[in-house]
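This report describes the strand arrangement of one protein chain and two loop residues with unusual backbone angles. Please view the structure alongside the text.

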Amino acid sequence: MSEQKPIVLWTHFRSVSHAFQRTFLQRPQEFHIIDGPFLEFVIDTHDQHLKAVKTGIADPSKSPDPNLFMPKILSIFGKIWKPYYDESSNKPKRMFCKEHSNFFLKAISGTSLLSNPQFLELTHTFLIRNPEKSLRSLYKAVNFIFKKNPEYFIPDFDKNLAGLKESKQIFDLIKDLNKQPIVVDADDLIDDPERVLKKYCELIGEEFKEEMIHWEAKNINEWNGNNFTITKLMV
């Protein structure tokens, strides 16, 4: 069993979270990286429900029973925790999972997973960005993507979908349990990445390494999501 519990980085749209995640992708011998597992779950279950409605299997006026998806949700948590319980290696890799707070809360809506030890015992960290900057960036991204791709539906811009409130909700929950969540301000990360990452590594019990801030320009497979629109909004 590893001594270090999985790390989760809770984020919201346009918080430079992919830049933050890239720093840990630089250390593949030490970390397993999962990018947005609950986002994929939300998209898949939404698509399945739409298909069921079209075929007359599901009632369009009712949301799917969340208990039907519990096995899948628990399997995601199992994947996140798997390296922690790995006894096949003398030095198992530590899990680093980045997830948007709004997708996570949507995925577990109607369940009791916020009181589940697999959630509570994670090393909870947060990346936040000034709403004036993140919302402006999100608005520009939405308009740019849908103008370039008119075949996609153009939604009305809703700032409440950015995930800021959901990050605060998870933060308050962890704080109320007398735990001290780790919070990184995106502006600080951009201004002085080495200082911020050194402190972050210290707080999560890891050593900072120089390769975290020196990157080779290349395609990142973990960012090639199946959903075109969501992937472009996040990266």
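The sheet is described before the loop residues.

The model is predicted. Its open sheet has 5 strands in the order E2-E3-E1-E4-E5, with parallel pairing. At the edges stand E2 and strand E5 (182-185), and each has a single partner strand, so one side of each lacks a neighbour in the sheet. From one strand to the next, the twist averages 20°.

Edge strand E2 covers residues 31-35, and 4 of its 5 residues are buried, so the rest of the structure largely encloses it. Buried here stands for under 20% relative accessible area. E2 and strand E3 (residues 94-100) run parallel and are joined by 5 bridges. One of the bridge partners can be named: Ile34 is matched with Cys97 in E3.

Helix H7, formed by residues 164-176, lies across E1, strand E4 (123-128) and E5. The angle between H7 and E4 is about 145°.

The loop between strand E1 (7-11) and helix H1 (17-25) contains Arg14. Val16 is found in the loop between E1 and H1 as well. Most residues other than glycine have a negative phi. Which sign does phi take at Arg14? The value is positive at Arg14, although this residue is not a glycine, and Val16 also has a positive phi without being glycine.

| Residue | Phi |
|---|---|
| Arg14 | about 60° |
| Val16 | near 55° |

Val16 has a relative accessible area of 24%, so this residue counts as partly exposed.

Note on methods
Residues are numbered from 1 along each chain as its sequence is written. This is a predicted model: local features need pLDDT of at least 70, side-chain atom pairs count only at pLDDT 80 or more; totals for chains, interfaces and linings use all residues. Side-chain values use heavy atoms; hydrogens and water are left out. Helices (H or I, at least four residues) and strands (E, at least two) are DSSP runs, numbered from the N terminus. Buried means under 20% relative accessible area, exposed over 50%, partly exposed in between (1.4 Å probe, protein chains only). Two strands pair if DSSP finds at least two bridges between them. Axes are lines fitted to C-alpha atoms, for helices over the stretch in contact, and angles run from 0 to 180 degrees between N-to-C directions. Contact means heavy atoms within 4.5 Å.
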